[in-house]
Structures are given as C-alpha cells and as structure tokens.
Amino acid sequence: MLLLGIDVGTSSIKVSVVDAQTQQCKASAQYPETESPIISPQPGWAEQSPEMWWEHVQQAIKKAHATNNYNPADIGAIGISYQMHGLVMVDENQQALRNSIIWCDSRAVEIGEKAFKAIGKKQSLSHLLNSPGNFTASKLAWVKEEEPDTYKKAMRIMLPGDFIAMKLTGEITTSISALSEGIFWDFKKNRISKDVMEHYGFDDELIPPVQDVFSDHGRLKESIAASLSLQAGIPVTYKAGDQPNNALSLNVLEPGEVAATAGTSGVIYGVSDELTYDPESRVNTFAHVNYTNDEKRLGVLLCINGTGILNRWVKNIFTPAISYSQMNSEAAKVPIGADGLRVLPFGNGAERMLNNQIIGVHFHHIDLNLHSQAHLFRAAQEGIACAFRYGLDIMRENGMNPQVIRAGKANLFLSELFVEAFVNTTHVPVELYNCDGSIGAAIGAGIGAGVYKTPKEAFTQVKPLTVIEPTKKKEYKHVYEEWKVLLDNILK
C-alpha cells in the first residue's frame, strides 16, 4: 500500500508518495518551481488564493506520477499538512468567497487585543490557552466587520488543508487540533468556545463537524480521481497544521520531545501533557495531533515569522542568480560574528514573541569599507539563530527545556553555517532527519487508515542522519548578547 502526502506550504505545494510498509519515500514533487505569490493589498496584509493552492496540488500530484516510480493505483490513503491559521470561507456551493487571509497577515491584531480584554485575560488564557491574538477567529471577525456581505454568504469556514480535502472529497470537517489553532477551542469545557463565538457574534453553523485528526475526512470523488489517475473512494485520513505535522514527521509525540523548522517562518514546537500557557501569549499552546481527553498532548509553539523569508529576500536582492548552496558557501568564508554586522529578522508581520509588535528588519553596524555580500549572508543567518534563542528562552520560562531538538534536513537546516549558529546560540544539540512535511502527511495518512497500530509504530524505520553538538558556544556568546541589546533597545 502506498500513501500520498500533500503539504500546502506558503511558497509551494509539495507531495510525496511513501511505501507504508518500509516507510520510505518513493517519489516527491514540488509545484511551482518558483515561489507562490503572497498578495499584499495593504502593508501588513497577506493573502493567497485557495484556488491557486488547489491548482498547484493537482500539478504536484501529476508531477510525482510522472516519475514512474510507483503505480498510482496502489495509493490507498491521503494525508494533508497545511500552513496554519489561514482563513478560508466558502459558500453553499463550496466556492471560495475571497482570498485566504494567511498566517502572516497582521490586520486582525487590534481585533484580537480587544477580544482578549473583553473576554478577560484570565479566562482567555485558562480556557483558550492563548490570547485570541491575530489567529483565525480574529481574522474572521475582521471579515464580519469589514466585508459583511462576504460573511453573510459564508456556509463554512476552514483552514487551508480543509479546503484541499474539500476539493478532493466534497466533505468539510475539522478537528480539535485545527480549532485550537484558530482559537475556537475551550480546553477546560472541551467544546467550541462560547466566549469566542459570542464575543464575535459568529454563527455556530460556520464551524464544520469535529472529527479526530486521524479519521475518515471524506472519500476521493470520481471526477477528481479520474483527473489525477487515482482510485475513486480512497480516503483522506489525516489533516494537520504544518507545525504539528512536522513534529509528527520527526516522531515528536510525547512530553519533553521538541521539533524545529526554519522555512518561510521559524518554529520550535515542544510537546507537553499539561494545559500550560504563557502569561503574555508570546508562545502559543495548541492541541497536538495525538491529543485526546484521556491523554492530553499539547504543542507549545514558538513562531518567528521572519526567518527563511529573510534569507530568501537577501538572496533575491543581492545575488538572485546564485543558488542557496553557493550563498551558504560564501557566508561560511566570513568569521563568526560577521565582523560586527548584526541583523534583526523581523520583517514579516506582527511577531507574537514580541507581543505582536511589527518592528521590521534591522541591519546594524554596516561598515561600507569592510562588509561584503558574504557578510550580509552570514549576519542574516546568525540573526535568525539569535531570534530562535530569544524565543527558546521564553519557552524555557514556561517549562520547556529541550535536551535535543529534532529537525528535518530542509530549508535553513540545509545550511551548515545556520545549524552551527543555531546549536551554539541555543546551546541545544540538533538531530537532523531525512523528512519533510509531505512525508509526514503521508505517514499521518497511514496512521489514520489503520496501517499502523500506533503513531510510534509508524516511525520504526526513522533514524537521524546526524547529530550536531554545540562546540562553539563561547564564540557565539558575544554575538547573541550584542544582538539582544539591539533588540531590547528597539522594544523599549
């Protein structure tokens, strides 16, 4: 049996086909080759077209088939991972009513702050484990206030992965994990939050039926199956946000285990068995993929919006013709600390760990006679590593003290320079694995389809490629200390 995993990313769609028995990837494909556009009608806004995602999903699946490494008829289940916190709204004909307001959009910050005060800080944190903040519920409130005609036409609201599952199957479902990331779930009452729904005046009918993450979320429609060379009726058996899914793909399922990613945004995601929350809501707590009432598994999530997107921006502005590998090689020629050049990587919307402030990217101490492109490349990656350390210290304040962090060898973790800066700035070793979101989604599909008796069984063949230990903590100490002073001065 083969498993199809779909990862609905911000930059592109990636799909992988995995052999359920060996847990090995048979083929992967990405679409498009260039990065998908983010629509920004106003500063701080970020949108994408759900129909664009769907078109790219279809193209990516066809591209994977074209490798001829497997028989598409052997695919028996589908799993979906997706960019978190996006808002998709559809009418009674399952047509998208507007572009999706995606995760890095900042328009609803003020709406979320007003809700936090109205519901009450203690009530919000103890029941929602978060401030309503700039999450999906607040984005929906923005549409209700600013685009009332669109709100009135909405039959269902959903997250990006739910939309793709709907296009495949015609069914719309959600889960506790999904509702918690949208700040719709009351953990104390174990139900959809009345506080949030009543404060914002939302219609209960907008929320899809709630199912387990690992369950039957619909069956592939005949018309779609025919166009994608798949068997009609195969189930979508797993849907999860990209960060819970990344943790799953790294076998991060039990309390104390920690995962990290560094794609467009950067995330550290640790599992807890307690209903914990940060008093300032700088890090967030959501239901993990294996959360149940009997065994509570929470994902404590630190998100930095501006990580890989800064690395991409620097490349595109200064050296668009070279590869990331060449860029990393040039940066590695520069000494640790980039000869004093410092970069604060916060230019992609409101940063939760900075109390939802939008401070932008800052370059400090540029010496026009000394600093080259290579210095800028290195300083950017060191600045991103410093941002991870700053956020990890907040997680430590909240009881999350990782002894090792697991990460897929992808995106910024492909850069030896970045990995060195990361481990020596955070003081935590990193285990690198050959996995990504689409492979994790495929494995999730296998768990949901009952191929594996337990999630742990799904990872019996998964071993780390390498372990990187912090051996240069002293050299990076002054880099972080100087970086933090610069950030503190801005935040005053």
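Me: In this predicted model, which residues are linked with E47 in a network of salt bridges?
Reply: The model is a prediction, and the network is read from its side chains. A salt bridge here requires a side-chain nitrogen of Lys or Arg within 4 Å of a carboxyl oxygen of Asp or Glu. The residues linked with E47 in such a network are R98, D105, R107 and E147.

Me: How many salt bridges does the structure hold?
Reply: The network that includes E47 and R98 is made of salt bridges, and D216 forms a salt bridge with R219. For the structure, the number of salt bridges is 27.

Me: How far apart are the closest N and O atoms of D216 and R219, and is each residue buried or exposed, or in between?
Reply: A residue is partly exposed when its relative accessible area lies between the limits of 20% and 50%. D216 has a relative accessible area of 34% and is therefore partly exposed. R219, at 46%, is likewise partly exposed. The two residues form a salt bridge, and their closest N and O atoms are separated by 2.8 Å.

Me: Which residue of the salt bridge between E280 and R282 is buried?
Reply: E280 and R282 form a salt bridge in which the closest N and O atoms are 4.0 Å apart. E280 has 44% relative accessibility, so it counts as partly exposed. A relative accessible area under 20% means buried, and the residue with 11% is R282.

Me: Why are R396 and D393 separated by about one helical turn?
Reply: R396 forms a salt bridge with D393, with 2.9 Å between the closest N and O atoms. R396 is partly exposed at 25% relative accessible area, and D393 is partly exposed at 23%. An α-helix has 3.6 residues a turn, so residues three or four places apart point the same way. R396 and D393 are about one turn apart because they lie three residues apart in helix α13 (residues 373-397).

Me: Which residues form the negative surface patch that includes E198?
Reply: E198 is located in helix α8, which covers residues 194-200. Since its relative accessibility is 62%, E198 counts as exposed. The negative surface patch is formed by E198 together with D203, D204 and E205.

Me: How many residues of helix α14 are buried?
Reply: Helix α14 covers residues 416-426 and is mostly covered. Among its buried residues are L417, F418 and V419, and also N424, T425 and T426. Of the eleven residues in helix α14, the number that are buried is nine.

Me: Which residue just after α14 takes a positive phi?
Reply: Helix α14 comprises residues 416-426, and T426 is one of its buried residues. Just after this helix, a positive phi of about 70° is taken by H427.

Me: How far apart in space are N311 and A380, C-alpha to C-alpha?
Reply: N311 belongs to helix α11, residues 308-318. With a relative accessible area of 5%, N311 is buried. N311 and A380 are 69 residues apart in sequence, while their C-alpha atoms are separated in space by 6.6 Å.

Me: What accessible area do W313, I317 and F318 have together?
Reply: F318 lies in helix α11, and at 36% relative accessibility it counts as partly exposed. W313, I317 and F318 form a nonpolar patch on the surface, and their accessible area together is about 300 Å².

Me: Where is P32, and what is the peptide bond from Y31 to P32?
Reply: P32 is placed in the loop between β3 (25-31) and β4 (47-48). Omega for the peptide bond from Y31 to P32 is near -5°, and the bond is cis.

Me: In which loop is S229 found?
Reply: S229 has a positive phi of about 60°, although it is not a glycine. Its relative accessible area of 45% means that S229 is partly exposed. The loop that holds S229 lies between α9 (222-227) and β11 (236-241).

Me: Which residues does the UniProt annotation "domain: Carbohydrate kinase FGGY N-terminal" cover?
Reply: The annotation comes from an unreviewed UniProt entry. In the model, the annotated span is 35% helix and 20% strand, and its end C-alpha atoms lie 15 Å apart. The span covered by the annotation is residues 3-245.

Note on methods
Residues numbered from 1 in each chain as written. Predicted model: local features only at pLDDT ≥ 70, side-chain atom pairs only at ≥ 80, totals over all residues. Heavy atoms only, no water. Patch = residues over 30% accessible without salt bridge, like charges linked within 9 Å, V, L, I, M, F, W, Y side chains within 5 Å. Areas by Shrake-Rupley, 256 points an atom, 1.4 Å probe, with all protein chains shown as cover. Lys, Arg positive; Asp, Glu negative; His and termini not counted. Charge placed at Lys NZ, Arg CZ, Asp CG, Glu CD. Helix = DSSP H or I, 4+ residues; strand = E, 2+ residues; numbered from the N terminus. Buried < 20%, exposed > 50% of the residue type's maximum accessible area, 1.4 Å probe, protein only. UniProt positions renumbered as here; feature names shortened; annotations may be inferred.
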